[in-house]
Amino acid sequence: MGSYELEFVEDGDPGVTVIAVAGELDLSNADDLVEQLGTVAAGRPLVIDLNHVLFIDSAALHRLFGVARERGFAGLALVAEPSAPVARTLDIVQFRQAATVAASVGEARAALVRRDT
């Protein structure tokens, strides 16, 4: 069973919620993660920084795809630098077809703002 930490990142932009996630995302915590994301970012565009996620399984990916379907490209962006442990996994499952995947929070925020206008 994996454990994870979720941290709200205060960056001065009230229009976009930025969440940093660290640890392991798997079947044991995927539903809890999605519930927390919905609570923290209800109705606002969401950037999820996954740079410190060490492991993600298919259950957690499935839940993130569900969040992407609900929010669309203008409502969700994931952040994973090319060297991040989950970056290759996001490429393999072609997450970019469901939501923005960016190398930095700034790039993700800019993509959400462009798509929202």
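Start by colouring the charged side chains: the protein chain has 9 positive and 17 negative ones. The centres of these two sets lie 9 Å apart. Keep in mind throughout that this is a predicted model.

**The whole chain**

Now switch to a cartoon view. The protein chain contains four helices and five strands. Followed along the sequence, they come in the pattern β-β-α-β-α-β-α-β-α. A box drawn around the C-alpha atoms, along the principal axes, would be roughly 40 × 25 × 25 Å.

How does the radius of gyration of the protein chain agree with that of a compact globule? A compact globule of 117 residues would have a value near 13 Å, and the protein chain has 13 Å, so the two agree.

Turn on the surface next. Its accessible area is about 6100 Å², and carbon and sulfur atoms account for 52% of that. Of the 117 residues, 44% count as buried. Among contacts with a separation of 6 or more, 71% join residues 24 or more positions apart.

**Helix H1**

Select residues 30-40, which form helix H1. Which residues of this helix are buried? They are Ala 30, Leu 33 and Leu 37. Look down the axis of H1: the buried residues fall within an arc of 60 degrees, so they line one face of the helix. An α-helix has 3.6 residues a turn, so residues three or four places apart point the same way.

Rotate the view to the face of H1 turned away from the buried side. The exposed residues Glu 35 and Thr 39 are found there. To see what covers the buried residues of H1, show strand E1 (4-9), strand E2 (17-25), strand E3 (46-56) and helix H2 (58-71), which are included in that cover.

While still on H1, select Gly 38, which belongs to this helix. Gly 38 counts as partly exposed because its relative accessibility is 36%. Draw a distance from its C-alpha to that of Ala 22: the two residues are 16 apart in sequence and 18 Å apart in space.

**Ala 60 in helix H2**

Move to helix H2 and select Ala 60. Is Ala 60 buried or exposed? Its relative accessibility is 1%, so Ala 60 counts as buried. Leaving out residues up to four places away in sequence, Ala 60 touches Leu 25, Asp 26 and Ala 30. Ala 30 has already appeared on this tour, as one of the buried residues of H1. For a longer view, add Ala 103, which is 43 residues from Ala 60 along the chain; their C-alpha atoms are separated by 20 Å.

**Two stops on strand E3**

Strand E3 was part of the cover over H1. Select Asn 51, which lies in this strand. Asn 51 has a relative accessible area of 14%, and is therefore buried. Outside its sequence neighbours up to four places away, Asn 51 touches Val 79, Ala 80, Glu 81, Ala 84 and Pro 85. Val 16 is 35 residues from Asn 51 along the chain, with 18 Å between the C-alpha atoms.

Then select Ile 56, also placed in strand E3. Ile 56 counts as buried because its relative accessibility is 10%. Which residues does Ile 56 touch, not counting those up to four places away in sequence? Show Leu 25, Leu 61, Leu 64, Val 86 and Thr 89 to see them. Leu 25 is also among the residues touched by Ala 60.

**Gln 94, in a loop**

Go to the loop between helix H3 (87-92) and strand E5 (100-102), and select Gln 94. The phi angle of Gln 94 is near 55 degrees, which is a positive value in a residue other than glycine. With 46% relative accessibility, Gln 94 counts as partly exposed.

**Arg 109 in helix H4**

The last selection is Arg 109, found in helix H4 (residues 105-116). Is Arg 109 buried or exposed? Its relative accessible area is 15%; buried means under 20%, so Arg 109 is buried. Setting aside neighbours within four places in sequence, Arg 109 is in contact with Asp 11, Asp 13, Val 16, Val 18 and Val 47. To finish, draw a distance back to Ile 56: the two residues are 53 apart along the chain, and their C-alpha atoms are separated by 23 Å.

Conventions. Residues are numbered from 1 along each chain as its sequence is written. This is a predicted model: local features need pLDDT of at least 70, side-chain atom pairs count only at pLDDT 80 or more; totals for chains, interfaces and linings use all residues. Side-chain values use heavy atoms; hydrogens and water are left out. The radius of gyration is taken over C-alpha atoms; the globule rule is 2.2 Å times the number of residues to the power 0.38. Buried means under 20% relative accessible area, exposed over 50%, partly exposed in between (1.4 Å probe, protein chains only). Contact means heavy atoms within 4.5 Å. Accessible areas come from the Shrake-Rupley method with a 1.4 Å probe; for residues, only the protein chains shown count as cover. Lys and Arg count as positive and Asp and Glu as negative; His and the chain ends are not counted. The place of a charge is taken as NZ of Lys, CZ of Arg, CG of Asp or CD of Glu. The arc is that of the directions from the helix axis to the C-beta atoms.
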